[in-house]
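The following exercises concern a predicted model. Each task is followed by a solution in steps.

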Amino acid sequence: MKKKRNIFTQILSIIGKIIIILVILIALALLFLTIKEYKPEESEHVQINAGGTKTLMQGSTISILTWNTGYGALGNNADFFMDGGTQVKTADKKRVEWNLDGIVSTVSVNNPDIVFFQEVDRKADRSFKINQEKYFAQSFTDYDSMFANNFKVSFVPYPIPPIGQVDAGIMTLSAFPVTDSIRIQLPCPFSWPMRTCNLKRCLMISRIPIDDSKKQLVLVNLHLEAYDSGEGKKAQTKMLKDLLQTEYEKGNYVIAGGDFNQVFSSMENAFPTYENMWKPGLIDEDNFEEGWQFEMDNEVPSCRSLDKAYIDADKDNFQYYLIDGFIISANLQLEYLETMDAGFIYTDHNPVYMRVSLLE
């Protein structure tokens, strides 16, 4: 009996030591993540890499395309664990490169004056550390290019296998020279410790002068909150609304575009959400001042669910979303808007293309 007690005591001692080691390792990991946490200023200037040579004038018609690139790894073969799928690493290196080539080709064919990209990796394990900012800048040398981080973590420790290192953000390309570009920090809905390895969402505001005018074209590239309870989206949308109104009251032309992770209220029932699926937020257009124009194409979905791969799925009963588009000021006239059906081949989003004219 005594021998059995000794064995039992030894087992408990071993288990206790393992628990202590695990607690220490978790504490060290939290300490590391806390020390290394990305803590951007409320406002930071963004580097402008020159290349654009076009001249913008009042009365001009300009084209703009927004596209969430899915960091080159969310093509039609991919699902993702945070959307109900199983994958963490969703593509091999060759597939990432192929997706990026497809994105560049699609944009080039449409030849927009301005491009908003979201989910662009600079150095991330999930996309094999391919510098996508550099790749896009080198692919579009006739554009000014700007990049702002919104996801910068030395090591994301979950799930298994872990996401690992992420250095990513949003990117704006402009065929018109940009005089100033600023990263504006948005409210973060997450508290410690989740905050340490989560996104720090932002707006990137870029200014283009208008020839023979004191007015500017103000571009706002964005990627709003996705996986919060809803309060984060509301706070970020309010901050966006206030900023847009301030710029418009200065007399500027204003275009905000990107991945809102929300649907505009006038498009509320375009693509209903199935039971137990991720549900986008709702931007109530009535909360904005009169005159703002909310532009989404409700004929074609701009995003698909990542609960399963798309390539062999039943396309008629798939979960689609309408979350990408533009908000434009009253002094701009919409000429054309289309969500281009790219088949979700290269990313889980479709590009949205728009043409607007600057009213005099």
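**Exercise 1: Unusual backbone geometry**

P159 sits in the loop that connects β4 (144–156) with β5. Identify the peptide bond that joins Y158 and P159 as cis or trans, and then examine P161.

Solution.
1. The bond between Y158 and P159 is cis, with omega about -15°.
2. P161 is likewise placed in the loop between β4 and β5. A cis peptide bond joins I160 to P161, and its omega is about -5°.
3. As a general rule, most peptide bonds are trans and most residues other than glycine have a negative phi.
4. Phi also deserves inspection. N111, which is not a glycine, has a positive phi of about 50°; N111 belongs to the loop between α2 and β3.
5. F128, in the loop between β3 and α3 (132–139), has a positive phi near 60°. With a relative accessible area of 36%, F128 is partly exposed, since buried requires under 20% and exposed over 50%.

**Exercise 2: The sheet and its helices**

Determine the strand order of the open sheet of six strands, and state which strands stand at the edges.

Solution.
1. The order is β4-β5-β3-β2-β17-β16, and the pairing is mixed.
2. β4 and β16 (332–339) are the edge strands; each has a single partner strand, so one side of each lacks a neighbour in the sheet.
3. From one strand to the next, the twist averages 15°.
4. For the pair β2 and β17 (residues 352–358), six bridges are found and the strands run antiparallel. T66 has V352 in β17 as its bridge partner.
5. α2 lies across β2, β3 and β17, at about 165° to β2. α3 packs on the sheet as well, where it touches β3, β4 and β5, and its direction makes about 155° with that of β3.

**Exercise 3: The nonpolar cores**

Which residues have the most contacts inside the largest nonpolar core, and which element supplies the largest share of this core?

Solution.
1. The largest nonpolar core has 29 residues, and W67, F117 and F136 have the most contacts inside it.
2. At least two residues of this core come from each of β2 (61–68), α2 (93–110), β3 (114–121) and β5 (164–174). The largest share is that of α2, with five residues.
3. Beyond its neighbours within four places in sequence, F136 is in contact with T69, L100, I103, V104, F117, V120 and M171.
4. Another core, of 27 residues, lies apart from the largest one; F116, A148, L219 and L332 are among its members.

Conventions: Residues numbered from 1 in each chain as written. Predicted model: local features only at pLDDT ≥ 70, side-chain atom pairs only at ≥ 80, totals over all residues. Heavy atoms only, no water. Core = buried A, V, L, I, M, F, W, Y, C linked by side-chain atoms within 4.5 Å. Buried < 20%, exposed > 50% of the residue type's maximum accessible area, 1.4 Å probe, protein only. Helix = DSSP H or I, 4+ residues; strand = E, 2+ residues; numbered from the N terminus. Contact = heavy atoms within 4.5 Å. Pairing = 2+ DSSP bridges. Axes fitted to C-alpha atoms, helices over the stretch in contact; angles between N-to-C directions.
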